[in-house]
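Colleague: I would like a close look at a single part of this protein. Please take one residue and work outwards from there.

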Amino acid sequence: MYKIFRFFLFAATIGLSFQSVAVTSLQSASYSSSNTGIGKIDLVVVDKSKSSMSLMRNGQVMRKYRIAMGDSPVGHKVTEGDQRTPEGRYILDYKKSDSAYYRAIHISYPNEEDKLRASALGLSPGGQIMIHGQNPNSSLPPEEAQQYNWTDGCIAITNAQMDELWRAIDEGTPIEIWP
């Protein structure tokens, strides 16, 4: 708390407005989880190009996380094993507490369009795309692991963030995954 007070005092001394200080403070804290609950959210938005996941309620960002994806994150998932995260609108349809990567929340990929696209190419669309926590076998600290794309096409967040997301969503919450 003392550091925050010193920051505001310093900002006031150099003439920054309270509003710009508040925005800067919010932005710097935006990639972290908090001990205070955020309540229920009504939409999850993933921006693959920014490696971010936003938890939304009534159009407002309640929390934002840095994410890790598959080794080939650019483009829509087409087939099993392509190391891509799908793009589009899906549903977070069930929670899996006994996941190999801490906890997991299933994304309803493939939808009918995904199945048709893969079928037209003579491919299997794959499946089992999840939001999940950290790899328990990783030697990297969670924040460092999040700097690399290491999944097989899933979306990874830290275990602490996964706990927060787990409490914040109900099965059936929509997720939008943007390029």
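Modeller: Contact here means that heavy atoms lie within 4.5 Å. Keep in mind that this is a predicted model. Its mean pLDDT is 84, and 80% of the residues reach 70 or more.

Let us take aspartate 47. This residue sits in strand β1, which covers residues 43-47. Set aside its neighbours within four places in sequence, and aspartate 47 is in contact with Ser52, Trp178 and Pro179.

Now the charge. Aspartate 47 is buried, yet it has no salt bridge. Lysine 50 is the nearest side chain of opposite charge, and it is 4.2 Å away. A salt bridge has to fall within 4 Å, so this pair does not count. The side chain of aspartate 47 does have a polar contact with the side chain of serine 49, at 2.7 Å.

Next, the strands. Strand β1 runs parallel to strand β8, residues 173-178, and 4 bridges join them. Trp178, one of the contacts of aspartate 47, belongs to that β8 range. Along this pairing, valine 44 has isoleucine 175 in β8 as its bridge partner.

Strand β8 also pairs with strand β4, residues 88-96. These two run antiparallel, with 5 bridges between them. Here tyrosine 90 stands opposite isoleucine 175. Isoleucine 175 therefore links up twice under the bridge-based pairing of strands: with valine 44 and with tyrosine 90.

One part calls for caution. Over residues 1-30, pLDDT stays under 50. For that stretch the model has 11 contacts beyond four places in sequence.

Key:
Residues numbered from 1 in each chain as written. Heavy atoms only, no water. Helix = DSSP H or I, 4+ residues; strand = E, 2+ residues; numbered from the N terminus. Buried < 20%, exposed > 50% of the residue type's maximum accessible area, 1.4 Å probe, protein only. Lys, Arg positive; Asp, Glu negative; His and termini not counted. Polar contact = N/O pair within 3.5 Å; in protein donor to acceptor, adjacent residues only side chain to side chain. pLDDT = per-residue confidence, 0-100.
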